[in-house]
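User: Hi, could you help me read a structure that I have just opened?
Analyst: Gladly, please put it up here.

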Amino acid sequence: MDTLRIDKDTRLLVLTGAGVSAESGIPTFRGGNGLWENHPVEQVASPEGFREDPSLVWRFYSQRRAGAAPCQPNPGHRAMAEWERKLGDRFLLATQNVDGLHRVAGNQQLVELHGNLFTTRCSRCTREPFEDRLAYPDGTVPLCGQCGGKLRPHIVWFGEVLDERNLLRVGEFLAREDTRLVFLAVGTSGAVYPAAGFVQAARELGGETWLVNADPADNTLLFQHFVRGRSGEVLPALVTID
Ligand code: BJW
Ligand code: ZN
């Protein structure tokens, strides 16, 4: 198998997707048993869907919370936490996952691009998002204690903009000039933007690009190295840090 060498003059940006949590028992979105097979995306993961039927949206996210709550990090997550411990500020992890497992595994240099499953916010007022591990009983739409507006999951839905502070953090890491850049994407179908465009940005900045995925992704051809396999099996042996 190829090895990815990181020396003291290299920085590593990792982008993860649902495939990384598959071995922890969390379903992916697209493909065979993917979540979108049984749930129409536009109804459960868009602002229009929430306006039309907030109760359906909360049923979906309550099930997701209940399903993800007992799940634990797998060897893929743990490998990435180990890289961060060794590389310090030469490491950044940008995840599209909302399950929080990277933090449980120990990653702190972490950007949650699409939000967090266990965080809720108000759809009306400016109250801070708050931790919320509740799965609401069937049909309940929780209301804001401060303004009475509908609460919603703190998730970035289709058509919504990503938090610009998060994109700035990734952009600044990409653009650093003090070290050589390696970009590694893991467990993502490369179908959702802007994350699917990071590989292009890394290439334009002269970065070396790697993809580890169970199946080819939509943007596989943009990567210089493609290792086909399960992240929990591939990652622990992929990287050597000098
Ligand atoms: C394994 C494995 C194992 C399995 N080991 N691998 C540019 C071009 C075209 C469109 C756009 C564009 N810019 C923006 C857009 C619009 C849109 C978009 O991208 N649409 C596309 C579908 C074309 N993007 C947005 O709306 C974003 N907002 C935005 O850009 O705002 C500005 C703007 C708005 C409108 C127009 C233009 C600009 C927001 C996107 C938010 C996505 N949110 C979701 C749902 C909420 C999360 C939740 O409920 O949990 O986030 S969508 C869903 O997909 C989820 C994921 O984070 C995301 C990515 O999925 P991921 O992680 O790649 O999972 P899968 O299932 O697709 O793939 C898993 C892969 O793993 C597979 O390949 C398997 O083979 C592999 N695998 N097991 C390794 N063990
Ligand atoms: Zn409110």
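Analyst: We can talk about the confidence, the ligand and a sheet.

Analyst: This is a predicted model, in which local features need pLDDT of at least 70, side-chain atom pairs count only at pLDDT 80 or more, and totals for chains, interfaces and linings use all residues. Residues are numbered from 1 along each chain as its sequence is written, chains are lettered from A and ligands numbered from 1 in the order in which they are written, and side-chain values use heavy atoms, leaving out hydrogens and water.

User: What is the mean pLDDT of the chain?
Analyst: The mean is 96, and 100% of the residues reach 70 or more, where pLDDT is the predictor's confidence in each residue, from 0 to 100.

User: Ok, which residues come nearest to ligand 1?
Analyst: Of the 35 residues around ligand 1, R30, Y61, R64, S189 and D215 come nearest, and a residue counts as near if one of its heavy atoms lies within 4 Å.

User: And what does T188 do there, in terms of distance?
Analyst: A polar side-chain atom of T188 lies 2.7 Å from an oxygen atom of ligand 1, while a backbone N or O atom of Q96 lies 3.0 Å from an oxygen atom of the ligand.

User: New topic: what is the strand order in the open sheet?
Analyst: The three strands run in the order β6-β5-β7 with antiparallel pairing, where strands (E, at least two residues) are DSSP runs numbered from the N terminus and two strands pair if DSSP finds at least two bridges between them. β6 (130–131) and β7 (151–155) stand at the edges with a single partner strand each, so one side of each has no neighbour in the sheet.

How values were computed:
A polar contact is a pair of N or O atoms within 3.5 Å; within protein, one must be able to donate a hydrogen and the other to accept it, and residues adjacent in sequence count only if both atoms are side-chain atoms. Helices (H or I, at least four residues) and strands (E, at least two) are DSSP runs, numbered from the N terminus.
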